[in-house]
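Subject: Structure for your review

Hello,

Here is the structure I said I would pass on. My notes on it follow below.

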Amino acid sequence: MSAREKKDLLAETDRLREGGRAGEAREKLLALTARFPDDAEVAYRTAWVHDVLGLESEAVAYYERALAGTGLAVEDRRGALLGLGSTYRVLGRFGQAVETLRGGVEEFPDDGALRTFLAMALFNTGEHHEAMRLLLRLVASTSDDPSVQQYRPAIEHYAKDLDETV
């Protein structure tokens with residue numbers, strides 16, 4: 001199979017997944033994975049379709065393979081870190097979720113989705129202060145709500161230490 005044929009097949013699986021035919025996309029991706037077991041892009045797409053189908057346990061190995069490989073586009077790497085971290089969290093593997101999502105936030109510090117999912121995982125591990133700090137900073141920096149922006153300095157200040165009193 002040529003690189004062009006593989007690219008066309010991946011595009012077809014994307015269309016199937018986006019068109020509500022994720023089961024068909026999965027079949028094609030599993031065949032492609034068997035043919036290209038070390039291909040990070042194929043592994044990422046295969047993980048993604050498993051997540052879409054609610055097969056999170058099966059998605060993990062594909063996400064891990066995608067992230068361990070080389071050649072994954074930057075945006076796909078970001079998506080794989082988010083997908084794996086979120087999947088770990090859904091499976092109750094909270095420590096692994098925090099570790100993965102922290103790594104994602106370090107690599108992509110401006111990504112609000114990674115920070116949000118990290119906050120959820122931190123909540124699950126009992127790290128409520130850090131989770132709240134992350135979310136408050138995210139709200140302060142991304143909200144278009146005029147009342148939030150009016151109080152942005154106060155929100156950012158209190159995000160540092162929610163237990164602070166006078």
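A network of salt bridges links Asp-14, Arg-17, Glu-18, Glu-41 and Arg-45. Please keep in mind that this is a predicted model.

Within that network, Glu-18 pairs with Arg-17, and their closest N and O atoms are 3.5 Å apart. The two partners differ in cover: Glu-18 has a relative accessible area of 60% and is therefore exposed, whereas Arg-17 has 11% and is buried. Arg-45, another member of the network, is listed among the buried residues of helix α3.

The structure has 16 salt bridges in total. Two others I looked at each sit inside a single helix.

- Asp-8 and Arg-4 form a salt bridge through their side chains, at 3.2 Å from N to O. Both belong to helix α1 and are 4 residues apart, about one turn of the helix. Asp-8 is partly exposed at 36% relative accessibility, while Arg-4 is exposed at 52%.
- Glu-156 and Arg-152 form a salt bridge at 2.9 Å, again N to O. Both lie in helix α10, also 4 residues apart, about one turn of the helix. Glu-156 has a relative accessibility of 29% and counts as partly exposed; Arg-152, at 28%, is partly exposed too.

The spacing in these pairs has a simple background: an α-helix has 3.6 residues a turn, so residues three or four places apart point the same way.

Next, helix α3. The helix covers residues 40–52. Its 13 residues reach 18 Å from the first C-alpha to the last, close to the 18 Å expected at 1.5 Å a residue. Because 10 of the 13 residues are buried, α3 is largely enclosed by the rest of the structure. The buried set is Ala-40, Val-42, Ala-43, Tyr-44, Arg-45, Thr-46, Ala-47, Val-49, His-50 and Asp-51. Their cover includes α1 (3–18), α2 (22–35), α4 (56–68) and α5 (74–90).

Both ends of α3 have something to note. At the start, a side-chain oxygen of Asp-39 comes to within 3.0 Å of the backbone nitrogen of Glu-41. After the helix comes Gly-54, with a positive phi near 75 degrees.

Which residues make the nonpolar surface patch of about 240 Å²? They are Trp-48, Val-52 and Leu-53. Val-52 is part of α3 and has a relative accessibility of 46%, which means that Val-52 counts as partly exposed.

Helix α8 spans residues 128–142. With 15 residues, α8 reaches 21 Å between its first and last C-alpha, close to the 21 Å expected at 1.5 Å a residue. Ala-131, Leu-134, Leu-136, Leu-138 and Ala-140 are buried in α8. The buried residues of α8 are covered by elements including α7 (112–124), α9 (146–150) and α10 (152–160).

Last, the region around α10. Glu-164 lies in the segment after α10, and its side chain makes a polar contact of 3.2 Å with the side chain of His-157. Glu-164 has a relative accessible area of 35% and is thus partly exposed. As noted above, α10 also takes part in covering the buried residues of α8, and holds the salt bridge partners Glu-156 and Arg-152.

Regards

Conventions. Residues are numbered from 1 along each chain as its sequence is written. This is a predicted model: local features need pLDDT of at least 70, side-chain atom pairs count only at pLDDT 80 or more; totals for chains, interfaces and linings use all residues. Side-chain values use heavy atoms; hydrogens and water are left out. Patches are made of residues with over 30% relative accessible area and no salt bridge: like charges are joined within 9 Å, nonpolar side chains (Val, Leu, Ile, Met, Phe, Trp, Tyr) within 5 Å. Accessible areas come from the Shrake-Rupley method with a 1.4 Å probe; for residues, only the protein chains shown count as cover. A salt bridge is a side-chain nitrogen of Lys or Arg within 4 Å of a carboxyl oxygen of Asp or Glu. Helices (H or I, at least four residues) and strands (E, at least two) are DSSP runs, numbered from the N terminus. Buried means under 20% relative accessible area, exposed over 50%, partly exposed in between (1.4 Å probe, protein chains only). The expected span of a helix is 1.5 Å times one less than its number of residues. Contact means heavy atoms within 4.5 Å. A polar contact is a pair of N or O atoms within 3.5 Å; within protein, one must be able to donate a hydrogen and the other to accept it, and residues adjacent in sequence count only if both atoms are side-chain atoms.
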